[in-house]
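Subject: Structure for you to look at

Dear colleague,

I am handing over the structure we spoke about, and I would be grateful if you could look through it before reading my notes.

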Amino acid sequence: MSTADPQVPAPGDPLAEHPLLEGRHSDRAYSESLLAYVHSPPGRTWWALLGFGLAGTAVLTVAIGVTLFVGVGMWGNNIPVAWAFGITNFVWWIGIGHAGTLISAILLLFQEKWRGSINRFAEAMTLFAVTCAGLFPLLHLGRPWKFYWLVPYPSSLRAWPQFRSPLTWDIAAVGTYLTVSLLFWYVGLVPDLATARDTARTPRARFWYGLASLGWRGSARHWRQWRTGYLLLAGLATPLVVSVHTIVSFDFAVAQLPGWHTTIFPPYFVAGAVFSGFALVLTLLIPARKALRIEHVVTPLHLDNMAKVLMATGWMVAYGYIQEHFFAWFSANPFEMHATQAEFFGPYAPLFWMQVFCNVGVPQLFWFPRLRTNVVVLWVAALLINVGMWTERFLIVVASLSMDFLPSSWAAYRPTWVDWSLLGGTVAFFGTAFLLFLKFVPPVSMSEMKELQREVDASLQFRREQGTRPGGAP
Amino acid sequence: MPLLTDPARTDAPDAPATEPVRAWRSLEEWHAGGPGPEAVSREHPPGAMLPPEGVARRTFLQLATASLAAAGFSGCFRQPPEKILPYSTPPEGLTPGVPLHFATGLEWSGRTVGLVVESHEGRPTKVEGNPLHPASLGAAGVFEQAALLGLYDPARAKTARLQGVEAAWSTVRDALRKQAERQDGGAGLRFLVEPTGSPLVQALYARIQQRFPYARIIPCGVALADGRREGTRLAYGRVLDVVHDVGRAVVVAVDDDFLATTQPGHLRAARDFVSARKPEAMNRLWVAESTLTLTGGFADERLRMRPSQGVALMLALAAEVGGGISGSTGANAPVGPVPGPNEGGAGARAPAAPSRAAPAEGGPGPRVTETLAAKLAQLRVPATALTDAQRAWVRGAARDLLAHRGQGRVTVGPRQPPLVHELAFAVDEALGNTPRLLEPVAFPDEGPEALNLLMAELFDGRVDTLIITAWNPAWTMTVDSNFTRNLERAPFRLYHGLHEDETAARCPTFVPATHPFESWRDGRAPDGTASVLQPLIAPLFPGAVSEVELLSVFAGLESQSPYELLKSLWRERSGAPLDFEARWETWLADGVIPGTQAPPARAVLDEAAVVQDALEVAGLASLRIVQDAPDLRAEARASHLSKAPEGLELSLVLDSRLYDGRFAGNAWLQELPDPVTKLTWDNAALLSPATARALSLEKGDVARLEVLGQAVEVPVLVLPGQPDDTVTLALGHGRERVGPVGQGVGVNAYPLRSRYMPWGGGLGSITRTGRHQALALTQEHWSMEGRQLALQLAQAAFRAKPQALQPLQEDGERLYPPAALLKSDRHQWAMAIDLHRCTGCSACMVACQAENNVPVVGRDGVLKSREMHWLRIDRYFLGDPDDPGFITQPVACVHCEAAPCEYVCPVNATVHSDEGLNQMVYNRCIGTRYCSNNCPYKVRRFNYLEYQQREPLTRLRQNPDVTVRSRGVMEKCTYCVQRIERARTVARSAHRDVREGEVLTACQQACPTEAITFGDLRAPESRVRREHEDPRHYKLLNTLGTRPRTVHLVRLKNPAPKGGA
Amino acid sequence: MNRHWVLGEFTSSDALVAALKALRAKGFMQLDAHTPFPVEETFEALGLKRSWLPPLTLAAGLGGAAFAYVAQWFTNAVDYPLDVGGRPLHSVPTNLPITFELGVLSAALMVFGALMVLFGFPHVTHPVFDVESFRSASVDGFWASVAVDAEDAPAVEAALRELGARQVSVVDEGAR
Amino acid sequence: MAPLFRPGTDSVLRALIALALGVPAVSLAGLLLLARNPLGRGSFAPHEQPLPFDHRHHVGDEGIPCGYCHEGAWRSPVAGVPPTQRCLGCHAQVWNESARLEPVRASGFDGTPLPWNRVHALPDYVWFSHQAHVNKGVGCVTCHGRVDTMPAVQQVAPLTMGWCLDCHRDPTPWLRPVSEVANLTWRPPGDPRETGRAVQAALDVNPRTDCNTCHF
C-alpha cells in the first residue's frame, strides 16, 4: 500500500484540479462512509419528504382509479388532440431513464472511471422513471382491461396484434428496457448487498441483506463471471438505450401528422433523453451527496463532467430544433410550414419560446468552468432543463395534433385535474421510491470505489517513481 | 299489405290489421312492470340493445379491484343468460329479424311531409323520406327524422289531469262531454289550434262549428306572422298559398331562406332549385338577406341588407323592372316625379307612359304587363334608403329578370312585411313569371289578428272554455298579448300536448297527446296532395290521446275511432267506390292519395291596389316598416308603436334546429350544429365583425339586448356575412319546462317579440354585461388557410379550363405494390359528394345519427370538442371577412385505400375489407386513439365516456343492426355497412349479386338534393362511377396519397357578368 | 469423510495473490479467493479458464430475435393475413424493432440466469458464513480458502500461517 | 457463532423462486385452455326451460321438420322461436288437458310471451344471419348438433370466432345440398369435400373473412 500523500499531485496528472476521489480512504472507510446512511436510522427530513411523497402517491392512485373506472374521458383529451398529457409524460419519463443506462453502460464500455460514483443513483433513477413511464401507455387506453391484446397469444379469436404499429414496438422496447435495467442494476448491487449484510448492526438487517445478496461471498470465481456478465449486460444495454427512444420517437415519426412526420426524430429524441436524464441526475445528486456526506466520492469532477454532457446534448437538441423547422420550410409543404409557423407564433408560442430558453439557452452557462462546479447554478439549471424537456414533449404531442390538415377540426386542449394529478402523482411516486432507495441501498458501488482507489494508488505510485527517477519530468 | 290500425282499440274493423297491437301488448305490459326489457332486447338479430362488451365491462368493474387481467379474461368466455320472448300470436307479414317499412308522414305548420318509417318488430327505428310524396321525393329533413327521438322521449307527459287532479282520460272525456252538451251554441267555447292541412281535422272543425255556431277556432303559432299570407291578400284580394317553385332560370330571393329547414316544403324547394342548377346549364340566384343563411351561401350574387330595407329594395327592383319592361317598348317622355341626382338606376332608366306592350313570351296578356310595368316604373326610392352596392345589386337582378322573362321568380321571406310580397307578386306578374298560387291548404286561415280578438274576449271573461291543441302558446305568444295572464280568466282551460310544458303548467286540465307516429290522421303537402298518416306503434304511454280523439268528443263523433273516422271520411271523399278497400290499402302503402293536389287558384292581381300601396309607401319621406298589419292603412296606427329602426336593428328568426322551441327537448337537434354558425346547444346574438368591433364585443361576451323595456342577456357570436347594425337572434331556446335535455339551454328570445314587431325591429340598446360564456361550436376555425379543401369555381372559369383540377385528382406516387382492390371481382364501394348540390341542410347528419346509433355528448362534450357525429358538415368562409361567401362540405370517413389509420392500430381493430371498406371493429378496439391522430380528415370519433343512454325506452329506438358502442371505443362512418350486408344476404340467398341502387347509405337517402352518391365503383353503369370520372371531382388531401374512396365534386358559381348589361 | 475449508485472511490483495501462488505451488488445487472487489491477479493465480457466458448470451440473443421475427411474420402474413392500409403483408423493416428488442431481452435474461446457475445462487447457507470474522471478506479482508479433506486441514492451516495470514480458521461442512 | 441462515433455507428460497415463475405461467396456460373447452364455453350444458319441451319427441318421434317452427332461418337473420299459436295448433287437440302445457295455454289466451331461455347466444357485436347460411347449404346440425337427440337443447359448437373462421376459410367439408339442410341425419355420400365442392360450385358459396362480415 502506498502511504504517500495523494493530495500532492504529480505533474501532468489529468485529475489534478478536480480529483476523482477526495482524500485517501481505506477500504473499511469506504464501506463505513457509504453505508453510514443505510445503517443509521433516518432523520426528520427523510420522514418529512417521505410523507410528501406518499401523499402525492395517494393522489396518483386516486387519479388512476378515476381514469380506470369512469374512463379516460376524465382527461382533457379530445378529437383532434387524442393524445396529450399521457403520452407527454410517457416520453418524458422514458427519456429521463436514459441517463442511468448511458452512465452505467456506455461509460463503462468507454472505461470512464468517473461513472463509478454515480451509476447506482442513475440506474435506480432509470428503474423508477421507466416504471412511471410504463403507467401511461396502459392508462391512456380506452379499455385498459384489454391491454393484453397488444401481446401475441393464441386466442380463441384467432386475432393477432398488428406489428406494423409502433405501439407494439413500444411494448417490446419499454418492457425490455425495464427488465434489462433491473437486471443490470441488481447484478451490480449484489456484492454491495453482501457488504451491507456483513456490516449490518442488527440481525434483521443482516437477515434481509443476507437474502438480497443471495449468498455472495466474493469468491474469485464469482467475481470473474460477474465481471464478464456485467460487461455483457452493459454491452446489451448500450444499443438498447439507443433503440428505446428511437422506437418511442417512431410513435410520432411514423405518423404523417405535420410536426410528427420527420426523420430527425430518432437521434433528436435520444439526445433529448440523455439531456433530460442528466438534468434529473444532477437535480437529485446535488442534494443527495450533501445529505449522505459522500462528497469524497461524488466530487466536483463528477459535477463538472455532467455539466459538460448537458451542454453537449443540449447542442444536439438545439440542432434537432433547427433541423425540424428548417426542413419544414425547406420541404415547402404547406402543412409543415403552417405547423412551424403556428409553433413560433401560434397559441402555444409562449411554451415554445420557454422551451428554447430552457433547453438551448440555459446549457450555455456551462461554457464557464466556475459555473460547472457551482452547485446552486447547476441545480437550478438542471431543474429548468427538466421543465424545458417536458414542455418540448408537450409541444410535439399536443401542438401538432391541435392543428393538422383540415382547419375545420382544429381545436385546443385543456388539461383536467386528473391530468395534473397523474403528472404530479408520478413525480411524487418517483420521489418516494428514490427516498427508499437512499435509505435501504448502498448509494454508491463500494466494490468499485475500492477498486478505483486501488487503481488511483497504483497510478500515483507509478507516477511518483517516474518523478523521482533522474532525468524524469522536470 | 294490412297495416296498423287504431292502436287504442282492438275492436277496429279489419281484423288482421289489429295484430301489431297485440304485438305491442308485451311492451305495454312492460310499462305495467310485466316481462318487458327482454321482450325488446331480444327477438331481433344480435348487436341490438346491449352494448358490446357491456357485460365484459361490468364484469370488469366488479373484478377490477381483484385484477385487471383476470377481469379481461372473464366475461369473454360465456354470454350472460338471456331470454327469448316469441310472439304469442305473430303479426301478419312480420318475420322477426326482418324490418318492415310503413308509409306515413309528419305535419308541422300545416304542411305534411310524406315519410317511410322503418320498423323492427314493431319498434320504429328510422325515419326516411317517401319517394312518392311530392314534398319529400325520398328526402327527409332534420325535423322529420329527429321526431323519432321525440317519440321515445322519457320526458313525455304520461297522465291526464282534470282541474288539477290526476285523472284517467275517460274521466276527462266525461267532463268534456258535459262541456259538449252546452246549449249556448258555444258562445264561450274557444279552440286555440295550430293551422292544419288535415282534411279529417278540418272536417271535425266544421262539424264542431255546426254544433256550436258561436264557438270559434283560432289559429296560433309563431309562423302565423307571415307577410306572404297578407301579401297575397293585398295583391289578390284573398289569402292564398304560394308554392315555392324556385326551379327557375333566375331566382331573386329577398330575405327568403327557402332552403332553410324552418320553411315548410324546403325539401322540395331545394330539389327543384338544385335540379335547375345543372353544372352545364346553371341558373342564377340573387339573394338579399338580413343574416347569413344557407340560401345566401348558395347565392351567385349575395347582398347584405337590414331587415327593414326589404321595402326599399323591392320598390327599387319594381321600379327597375317596370322601367325595363316599358323602356324596352321604346317609349320616351318620362312622367312622374323626376329622379333625384343621387338616385341610382331607379331614376336612370326613366319610366315610360302606359303604351303598347311588347308581348313577353310566356307571360300573361300584354294588358297586365304593360300598364303594370308602367306604373311600377313610377316608383321611387329615397336616396338614403339604399347603398350603392344595394342599388347595383338591384340593377343587376332586374337586368337578369328582364333577360329571362317568364323564367324567373321573385320570392320574399315570410318575415318581410306584406307590401314587399305584394310588390314581388306584381314584379313577377309584370315579367310573366306567374306565381304559383293555390287555394289555402291549411285551416284556420286567419292571421294573428284573430288572436288579438281572443285576448280581448279572455280579458272580458267572455270565454268559459278554452281548448288548446296548439303547441305551447304560453311560450310562443308575444309578451304584449298578456296571454298567460288572460289565460287565467278562462275557468275551464284544457291543454293537449306532448309534454308537461309551460302551457300545461297554466292549464289545470291537461291531456297528454299521442306522438304523430302513434295516431291515425291525414295531412296535405304544400301542393295539396293528401296522404294518410298511419301510426307506427301503439301509444308508448297508455294515457296518451290523439288530437282527433279529443276533437271528436266535441264533434260528437267519439263513438268512432279515429281510424274509422278517417276511413269513412276518405270513403265519401273518394265517392265510395266499390274497390275502396283496395284503394285504401294502396294509399296506405304508397303514403299518397293520388289526384288530390290543390288546383291552381284563379286569382287576378289587383294592380290598382298594389300600385296605390306602393306609391303611398314610396311617397313617404322616410320608410317605416310595419309588419303584421292587416293592411297598409294600419300603418299610421302602427308607425308610432314601432319606431322606424335607426341605429341597431333586431331580427328574430326561427331556430334552424329547435324551430319555435318545440324541439328543445330533442337531444339530436340540440346537438346538431346550426348549418351556418356551427353552434350547438345554445343560441347567440349574431353580429357582423364591423358591428362587433364598434360595440367592442367578442365571441362569447354576454350582451344585454333591450327592446321596449324587455331585456335578455345572451352571448354574442361574430358571424362574417351578417349585415352591419343588425342583431340576429334565434327564438326557441331557454325553455323552462322541457325535461332534462333542453332545460334552460340557451336564452329565451321571446320576451323581445311583440305583436307589432313579431320578427324584431328597432333594438333599444345593446350593452356588454362583462360576463363571458363559452359557446359550444363544433367548428372553431373558419378559414381554409389557403388550402384546397372545399372547392368552388366560377362556371365560366371551369368551363374554360376543366383540366385545372387534374392535380387534385391523381393519386400520389407510392412505394408499395399497387393495391389490387379495384382489380378484384368483389364490389368496390365508393361515394361521391357533390358540393354543387349540397345546401348544408344537415339532414344527412341526423340520418346518420339515427341509422348508426350515434350518441350525443351534451353541451359539455361539444365544448370539449368530443362530438360524435360520424358525418360532419365543414363550413368555410371565402373572401372578404365582412361580406364573404361560404361553402359547406360534408366530410365523413373517406375510406382511403391506403388508410393511415390502419397501419398504426396495434390490434388490427381497423383494417381494410376486400370491398374497399375501411372497417372499424369496435369489439377489437382497445382505444389507443392512434388511428385518430393519424387520420388527416379527423373523421374518427372516440367514446371518451359512456355516452350511450341505457334507459329501456331510449334503447327501443336503436337500430338493432348496428352495434352500440361502449366507453373507450373508436368509431366512424362505415358506409352503412349494415345496409350493405342486409342487401348482400338477401341477394346472395337468391343466388345473385347486389344490384346498383339496392344499397343506399342513410345520408344519401336523406339528402333532399341527391348530393351524395354511393355504389359500386366497378359496376360500369353505376352513378358513383360516373361521378368519380366527372371532371369536377377531386380527392380531398390527395397529396397525402391516401387514395380516398369518397371524392368531392367542386361547386360551381354563376356570378352575373360584371359591368354593363 | 466430509470436506473442510481452511480460510486465511490477508491484509492486502498483493499478499493474497502471493499466498495463492504459493499454495498452488504447494500443490493445493481446490483453492479460492474471497475479496471485497475483483482482483485480476487472483484470477490468474487461481488459473481460471475462459468464461462460457459470451457464447451463451449470443446464442440466446439470436434465438430470441429469430423467434420474434418468425412470430411477426407468421401472425401477420400467414395465419390471418389482413389488408392493412394497403401495406405489404410481410415487410422486413416494420419487423426489425421487435426482433431487436426481443433479442436483447432474451440475451439479458440468459446472462442473469446463467450467472445465477454458475454461482449456484441463491446459496445463503454456505459454510464459510459460519466464520464470524469472514464478514470482512466483503469489506477489507482478502481471504484465501482451501478445500481439503479433514486430515489435510492442519497442514493447510500451517501453510497459510507461514504465508502471513492474519488469521486462519477451519470450517467443517458437516458441522451442521 | 450462530450461522446466518438455517440449513435448508436455500431449498426454501429456490422453491419460492420456482413458484414466482411457475404460478403466472401455469395460470395463463390454464386460462387459455379454459377458453377453449366446454367448461369455459358453457356448451354441453342442458338449459332449463320454462316448460319441458322435448325436441327428441317433436323432431325425433313426430318428425316435425326444423322449418316448421324455425321458419325464420330461411328468410331472416334470426331463426326465431315459434309463436304460442303454433304450439296450440296441435296442442289444442292433443294433450290439450295436460297440466304441463298449462303455461302454453295461458300464453295463448292472454297473449303473454313464453319466456324461453336462450341457448345459443352470440355477443351483441356479432351479426349472424341464418338466412345467409341456410340458403348456402350449411345444415342446421352443423352448428346445433343432433337436436333430435336432446331432451333439453344444449350448445354443442364452441361458437368462438376461431370456430367460425375455420368454416369461413374452408367451407367445403361442411356444405350439403340445400334440400338436405334441415336433415339432421344426412351424411355426405363418400368424401364430404367432394360433395362440398359440388355444392359450393352450384350455390356459388364464397364466404368472406373480412371483419365486416360479422362485426359492424
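Below is what I found in it, taken in turn through chain D, the contact of chains A and B, and a pair of strands in chain B. Please keep in mind throughout that this is a predicted model.

Chain D

Chain D has 216 residues, of which 29% count as buried. Its secondary structure amounts to 11 helices and one strand, and in sequence order these elements give the pattern α-α-α-α-α-α-α-β-α-α-α-α. The radius of gyration of chain D is 25 Å, whereas a compact globule of 216 residues would be expected near 17 Å, and the C-alpha trace of chain D extends over about 95 × 50 × 35 Å along its principal axes. Among the contacts in chain D with a separation of 6 or more, 71% are between residues 24 or more positions apart.

For residues 12-34 of chain D, an unreviewed UniProt entry carries the annotation "transmembrane region". In the model this span is 100% helix and 0% strand, with its end C-alpha atoms 31 Å apart.

The contact of chains A and B

This contact draws 51 residues from chain B and 44 residues from chain A. On the side of chain B that touches chain A, at least two residues each come from helix 3 (54-63), helix 4 (68-73), helix 30 (930-933) and strand 32 (941-942), and helix 4 of chain B gives the most, with four residues. Sorted by class, that side of chain B consists of 25 nonpolar, 13 polar and 13 charged residues.

A hairpin in chain B

Strand 28 (residues 872-878) of chain B runs antiparallel to strand 29 of chain B, and seven bridges join the two. One of the partnerships is that of Leu878(B) with Gly885(B), the latter lying in strand 29 of chain B. Six residues lie between the strands of this hairpin, in which Gly879(B) adopts a positive phi near 85°.

How many residues of strand 29 (residues 885-891) of chain B are buried? Seven of its seven residues are, so far as the model shows, and the covering applies to both faces of the strand. On one side the buried residues are Gly885(B), Ile887(B), Gln889(B) and Val891(B), while on the other they are Phe886(B), Thr888(B) and Pro890(B). Gly885(B) thus appears twice in these notes, as a buried residue of strand 29 of chain B and as the bridge partner of Leu878(B).

With best wishes

Conventions: Residues numbered from 1 in each chain as written. Chains lettered and ligands numbered in written order. Predicted model: local features only at pLDDT ≥ 70, side-chain atom pairs only at ≥ 80, totals over all residues. UniProt positions renumbered as here; feature names shortened; annotations may be inferred. Rg over C-alpha atoms; globule rule 2.2 N^0.38 Å. Buried ≥ 20, exposed ≤ 12 C-beta atoms within 10 Å, placed from the backbone. Contact = placed C-beta atoms within 7 Å. Nonpolar A, V, L, I, M, F, W, Y, C, P; charged D, E, K, R; others polar. Pairing = 2+ DSSP bridges.
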